[in-house]
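Dear colleague,

I am handing over the structure below, and I would be grateful if you could look it over before reading my notes on it.

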Amino acid sequence: MVEPILSTAAITKRFGALTACDAVDFDLRAGEIHALIGPNGAGKSTFIRQITGEQVPDEGEVSFDGANINALDVPRRSAAGLARTFQISSLIDDFTALENVMLAVQGHSRRSFSFFRRAANDKALTEPAMTHLTDAGLGSRANEKAASLSHGERRQLELGMALALKPKVFLMDEPMAGIGPGGSVVLTSILDGLRAQAPILLVEHDMDAVFALADRVTVLVGGKVIAHGSVDDIRSDPQVREAYLGEGA
Ligand SMILES: Nc1ncnc2c1ncn2[C@@H]1O[C@H](COP(=O)(O)OP(=O)(O)O)[C@@H](O)[C@H]1O
Ligand SMILES: [Mg+2]
């Protein structure tokens with residue numbers, strides 16, 4: 001069996017009397033999209049924060065690349081290739097889409113910001129930046145200012161910037177939120193291609209996206225995993241339908 005790149009073993013997180021994550025087992029393997037779904041307040045964001053290192057589990061283990069990383073802080077996890085996508089960078093509105101990604105490429109290669117102006121035409125920056133932008137589906141908008149991009153395109157741009165950091169895993173907490181049905185369709189097709197670069201832990205409310213993308217689905221309700229399986233397993237699970245999807249879903 002393939003070793004997972006990321007896994008949690010019975011992680012538990014309490015906030016006073018509330019157990020937001022209750023002994024959650026989860027794993028992510030190369031090449032896959034593993035969706036984590038569940039109603040509001042199920043503990044999905046709390047789960048992701050324990051993987052990024054923003055929060056530390058009260059009990060249980062987070063393992064990445066074969067090692068227990070409970071003691072690693074956010075910057076160390078991020079440097080190791082385990083970073084939350086869509087929250088690691090903010091866009092510079094006055095820069096073009098390409099320039100924003102160039103900045104991320106440069107940041108990753110640890111050159112100074114002041115070097116950026118002189119390097120504006122440096123192929124070592126423009127070529128990888130253009131590749132990342134294209135992988136994020138935004139190649140045709142490379143020379144548009146970030147300010148003129150739609151909400152969905154801005155999220156694509158953030159994804160292009162995330163790619164510059166060469167993540168080993170993508171952690172996404174509701175990437176489809178607020179970008180409208182058209183934006184979701186575009187982002188869904190981009191994520192579909194990205195799993196080949198790094199596996200994706202996808203927390204998402206948009207069930208069309210989840211059912212189109214997920215290789216596996218884990219369902220969290222009240223902090224506990226109530227089901228785990230393929231999309232077909234999850235769609236037909238009576239307990240999931242009752243607890244979450246509702247009849248007719
Ligand atoms: N820092 C916190 N302090 C206290 N309660 C929290 C905190 N973060 C989350 N919670 C509670 O934990 C539960 C799970 O929240 P969350 O992980 O945000 O759920 P989801 O992302 O699935 O909507 C909720 O009841 C929420 O109110
Ligand atoms: Mg959440």
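What follows is a short account of the ligand site and of one helix.

Please keep in mind throughout that this is a predicted model. Around ligand 1 the shell consists of Phe15, Leu18, Ala20, Pro39, Asn40, Gly41, Ala42, Gly43, Lys44, Ser45, Thr46 and Arg49, and by class it has five nonpolar, five polar and two charged residues. Strand 2 (18-28) and helix 1 (44-52) each supply at least two residues of this shell, with helix 1 giving the most, namely four residues.

Three polar contacts to oxygen atoms of ligand 1 may interest you: a polar backbone atom of glycine 43 is 3.0 Å from one such atom, a backbone N or O atom of serine 45 lies at 2.9 Å, and an N or O atom in the side chain of threonine 46 is found at 2.6 Å. Of the 560 Å² of accessible area that ligand 1 has on its own, the protein covers 61%.

Turning to helix 5 (residues 123-135), its 13 residues reach 18 Å from the first C-alpha to the last, which is close to the 18 Å expected at 1.5 Å a residue. Its buried residues are Leu125, Thr126, Ala129, His132 and Leu133, and because they cover an arc of only 135° around the axis, they lie on the same side of helix 5. At the start of this helix, a side-chain oxygen of aspartate 122 comes to within 2.8 Å of the backbone nitrogen of alanine 124, while after the helix comes glycine 137, whose phi is positive, near 75°.

With best regards

Definitions and conventions:
Residues numbered from 1 in each chain as written. Chains lettered and ligands numbered in written order. Predicted model: local features only at pLDDT ≥ 70, side-chain atom pairs only at ≥ 80, totals over all residues. Heavy atoms only, no water. Expected span 1.5 Å × (residues − 1). Buried < 20%, exposed > 50% of the residue type's maximum accessible area, 1.4 Å probe, protein only. Arc of directions from axis to C-beta. Polar contact = N/O pair within 3.5 Å; in protein donor to acceptor, adjacent residues only side chain to side chain. Near = heavy atom within 4 Å. Areas by Shrake-Rupley, 256 points an atom, 1.4 Å probe, with all protein chains shown as cover. Nonpolar A, V, L, I, M, F, W, Y, C, P; charged D, E, K, R; others polar.
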